[in-house]
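User: I am in my first year, and I would like to understand how the words used to describe a protein model are tied to values. Could you take me through one example?

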Amino acid sequence: MNYFASVTINRCHLRALVDLSAQIAGRRFPFQNVIVSPLVVRNGILPIVSTHKHSCNVMFDSGGFHIQQGQFTLTEVALRIDDIYKNNPWAHRYVIPDVPIVTQDNSRAATAKIRANIRQYRSFPEITNIDRSKLVAVVHGRTTVEIARCAAAAAKSGVGMLGFGAFSTSGSKSNVNTLTGGSCILLAELSKCAHRLGLPFHVFGIGNPSAIPLLMHFGAASCDSAGWIRSAGFGNVFLPFIGAVNITGAASTRRTVGAREFSQLKRISAHDCVYCSDLATLKARWHYRALHNYEVALETISVVSKTGIEAALAKLDTLNPRLGKLSARFLDTTEPT
Ligand SMILES: [Zn+2]
């Protein structure tokens, strides 16, 4: 599975991360896969990303998150994004404009959004000159029937990939995606549909890499996250299978761990990387925390690939009981794909 790092971030931040990666890890570009929302990204990010297009897969997001936040309507996005896509034909994947369903939507609003998304699956490939095999259709739905209906409509339009955009949302602006029992049922359905339709699928906007084993169990080809950098900004660092812990004392919602506990957690999760070898630097500099977090996501994928899903989920059960329990429920009821 591929982990796409969201680089819809400030240009100076991306530059700082690229410089740090070159200096500490001897890598020209820290990321193997990135996702970016070209509609809202600041000037200067796309030129940096395009320079690395031969060594890094690039997915263009249509800005569904920003429609969800009320910044744009679906019609505005569809009109504007096609021009941006045409002017940047070098990316590897292009997401068809979609409007996400949020928990506050009543049944009528959700049905209208599903209809609007299905219309986009049909109309967008007609108006754009981007190869259909590079298009990603985001599937939304509150029920397995709606997921299956959207997946079938998307496949009919000849897209190369399906996307899962049906995580439960929480937070005052519906801006936090949460892996819950309900969203796992929908994800399991999409996994089944994608398998049947012969299409790979991408999972949009995961917060924390401890969800990775479960996504791999469902056979996701890729996922993306802004969590690696967002968490770093709050002083939080990821550890494989454990989740996020705070090391700076800056996060009011999370317990801060001291030096002794942090090195214990690193030992338990068998993690070490060039960015977290010195705790004082990791505490003082968010760039180190961000790239460490990215490394933890890649490491989690690599561990699951090596040990197999069952061993990884057993590890998750010990180190992150909430996700472990959730995973056990799905292992009992679904076949791995
Ligand atoms: Zn590290």
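What follows is a set of questions about this structure, each with an answer.

Analyst: This is a predicted model, in which local features need pLDDT of at least 70 and side-chain atom pairs count only at pLDDT 80 or more, while totals for chains, interfaces and linings use all residues. Residues are numbered from 1 along each chain as its sequence is written.

User: What makes the protein chain as compact as a globular protein of that length?

Analyst: The protein chain has 14 helices and 12 strands, where helices (H or I, at least four residues) and strands (E, at least two) are DSSP runs numbered from the N terminus. Its radius of gyration, taken over C-alpha atoms, is 19 Å, and the globule rule (2.2 Å times the number of residues to the power 0.38) gives 20 Å for 337 residues, so the chain is as compact as a globular protein of that length. Along the principal axes, the C-alpha atoms fill a box of roughly 55 × 45 × 35 Å.

User: Why are helix 1 and helix 12 called roughly perpendicular?

Analyst: Helix 1 (residues 11-25) and helix 12 (residues 286-307) pack at an angle of about 75 degrees, with their axes 10 Å apart. Angles of 65 to 115 degrees count as roughly perpendicular, under 35 as roughly parallel, over 145 as roughly antiparallel and the rest as oblique, and therefore these two helices are roughly perpendicular to each other. Ala16, Leu17, Leu20 and Ser21 of helix 1 meet His287, Ala290 and Leu291 of helix 12, two residues being in contact if their C-beta atoms, placed from the backbone, lie within 7 Å.

User: Which word, parallel or perpendicular, suits helix 6 and helix 7, and how do you know?

Analyst: The axes of helix 6 (residues 144-156) and helix 7 (residues 181-197) come within 9 Å and cross at roughly 30 degrees, and helix 6 and helix 7 are therefore roughly parallel to each other. By class, their contact has 10 nonpolar, one polar and one charged residues; here Ala, Val, Leu, Ile, Met, Phe, Trp, Tyr, Cys and Pro count as nonpolar, Asp, Glu, Lys and Arg as charged, and the others, Gly among them, as polar.

User: How do you know which word suits helix 5 and helix 6?

Analyst: Helix 5 (residues 107-127) packs against helix 6 at an angle of about 20 degrees, with the axes 9 Å apart, and the two are therefore roughly parallel to each other. Ile114, Asn117, Ile118 and Tyr121 of helix 5 make the contact with Glu146, Cys150, Ala153 and Ala154 of helix 6.

User: What makes Phe241 buried or exposed?

Analyst: Phe241 lies in the loop between strand 11 (236-239) and strand 12 (243-246). A residue is buried if 20 or more other C-beta atoms lie within 10 Å of its own, exposed if 12 or fewer, and partly exposed in between; Phe241 has 28 such atoms and is therefore buried. Phe241 also has a positive phi of about 70 degrees although it is not a glycine.

User: How do Ala270 and Ala221 fare by that rule?

Analyst: Ala270, in the loop between helix 10 (259-268) and helix 11 (279-284), has 12 other C-beta atoms within 10 Å and is therefore exposed. Ala221, in the loop between helix 8 (212-217) and strand 10 (222-225), has 15, so Ala221 is partly exposed. Ala221 and Met1 are 220 residues apart in sequence, yet 4.9 Å apart in space, C-alpha to C-alpha.

Key: Axes are lines fitted to C-alpha atoms, for helices over the stretch in contact, and angles run from 0 to 180 degrees between N-to-C directions.
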